[in-house]
Amino acid sequence: MRVARGYLIWGGLTAVVLLPLLVAAQSPLLQWRQPIYIIAGFAGIATMATLLCQPLLVGGYLPGLTTRTGRRAHHVMGAVLVAMVVIHVAGLWVTSPPDMIDALTFTAPTAFSAFGVISMWMLFGAVALSLVRRHLGVSAWRVGHATCVSLAVITAVAHALLIEGTMGSWSKAALCFSVILATAKVLTDLKVWRSFRSSKN
């Protein structure tokens with residue numbers, strides 16, 4: 001029973017992660033696009049997939065991985081997450097600098113641009129807090145990290161859902177819903193709200 005459950009969990013995760021990538025690879029929207037634009041787009045999809053893996057790793061929800069291994073993988077994936085975001089933004093910058101300037105200065109007319117930029121900074125904030133974790137109190141660390149991660153996930157999902165891109169409606173919705181569900185699950189199981197109470201006392 002435990003083995004079957006493990007296969008189901010890993011199989012479900014693989015399907016949710018790979019389906020948007022496969023749909024995007026066959027999208028007619030990629031025709032006539034520059035390679036750098038395509039790479040940037042797939043880096044964005046990979047970012048969403050990594051956002052799903054992160055809470056599953058740190059929460060110990062993936063069968064076959066010990067808690068220690070999962071947390072180490074969570075740290076490595078944090079670096080991968082930052083790299084994917086940088087590739088995504090840099091690729092779009094090369095393709096269209098004016099659009100990226102508008103996005104980064106919050107003057108773009110599209111809401112998804114603002115959500116994407118907010119998500120990027122919240123992700124960078126979460127990683128920065130991880131780098132100085134030893135210098136922070138436990139409550140301050142957990143409150144800061146949980147706040148940055150929550151805002152990053154919410155705005156990343158809003159960013160993805162508002163874009164009419166290559167991922168496909170249903171595969172994108174499934175990935176976004178899974179990211180929200182996994183993040184809420186780990187924040188609940190880790191009882192992060194206790195740290196918010198401690199920080200107020």
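In this predicted model, the charged end of Arg-33 is placed over the ring of Tyr-37, at 4.3 Å from the ring centre. Tyr-37 belongs to helix H2, which runs over 35-58, and this helix is a convenient point from which to enter the structure.

Helix H2 comprises 24 residues, for which a rise of 1.5 Å a residue predicts a span of 34 Å; its end C-alpha atoms lie 34 Å apart, so the expected and modelled lengths agree. Just after H2, Gly-60 adopts a positive phi of about 75°.

The interior may be considered next. The largest nonpolar core contains 30 residues, and the members that touch the most others are Leu-13, Met-48, Leu-51, Leu-52 and Val-179. Two or more residues of this core come from each of helix H1 (2-25), helix H2 (35-58), helix H3 (67-95), helix H4 (97-104), helix H5 (111-131), helix H6 (138-162) and helix H7 (169-189). The largest contribution is that of H2, with 8 residues. Met-48 illustrates how this core is connected: when residues up to four places away in sequence are not counted, Met-48 touches Ala-156, Val-157, Ala-160, Leu-175, Cys-176 and Val-179.

Thr-50 shows a polar residue in H2. Its relative accessibility is 6%, and Thr-50 therefore counts as buried, the limit being under 20%. The side chain of Thr-50 reaches the backbone oxygen of Ala-46 at 2.7 Å. Apart from neighbours within four places in sequence, Thr-50 is in contact with Met-77 and Leu-81, and Leu-81 is itself among the buried residues of H3.

These contacts lead to helix H3. Its 29 residues extend 41 Å from the first C-alpha to the last, close to the 42 Å expected at 1.5 Å a residue. The buried residues of H3 are Gly-70, His-74, Gly-78, Leu-81, Met-84, Val-85, His-88, Val-89 and Gly-91. The elements that cover them include H2, H4, H5 and H6.

Val-82 is also located in H3, but with a relative accessible area of 24% it is partly exposed. Beyond its neighbours within four places in sequence, Val-82 is in contact with Phe-124 and Val-127. Val-82 and Ala-108 are separated by 26 residues in sequence and by 23 Å in space, C-alpha to C-alpha.

Phe-124 brings the description to helix H5. For the 21 residues of H5, the expected span at 1.5 Å a residue is 30 Å, and the end C-alpha atoms are 31 Å apart, which agrees. Within H5, the residues Ser-113, Gly-116, Val-117, Ser-119, Met-120, Leu-123 and Ala-126 are buried. These buried residues pack against H2, H3, H4 and H6.

Aromatic geometry completes the account of H5. A pair of aromatic rings is described by the distance of the centres and the angle of the planes. The count of aromatic pairs comes to 1. This pair is formed by Trp-121 and Phe-124, whose ring centres are 5.7 Å apart and whose planes stand at 90°, so the arrangement is edge-to-face. Both residues lie in H5, 3 residues apart, about one turn of the helix. Trp-121 is partly exposed, with a relative accessible area of 48%, and Phe-124 is likewise partly exposed, with a value of 24%.

Definitions and conventions: Residues are numbered from 1 along each chain as its sequence is written. This is a predicted model: local features need pLDDT of at least 70, side-chain atom pairs count only at pLDDT 80 or more; totals for chains, interfaces and linings use all residues. Side-chain values use heavy atoms; hydrogens and water are left out. A nonpolar core is a set of buried Ala, Val, Leu, Ile, Met, Phe, Trp, Tyr and Cys residues joined through side-chain atoms within 4.5 Å. Buried means under 20% relative accessible area, exposed over 50%, partly exposed in between (1.4 Å probe, protein chains only). Helices (H or I, at least four residues) and strands (E, at least two) are DSSP runs, numbered from the N terminus. Contact means heavy atoms within 4.5 Å. The expected span of a helix is 1.5 Å times one less than its number of residues. A polar contact is a pair of N or O atoms within 3.5 Å; within protein, one must be able to donate a hydrogen and the other to accept it, and residues adjacent in sequence count only if both atoms are side-chain atoms. Rings of Phe, Tyr and Trp (its six-membered ring) pair if their centres lie within 6.5 Å; planes under 30 degrees apart count as stacked, over 60 as edge-to-face and the rest as tilted. A charge sits over a ring if NZ of Lys or CZ of Arg is within 6 Å of the ring centre and within 35 degrees of the ring normal.
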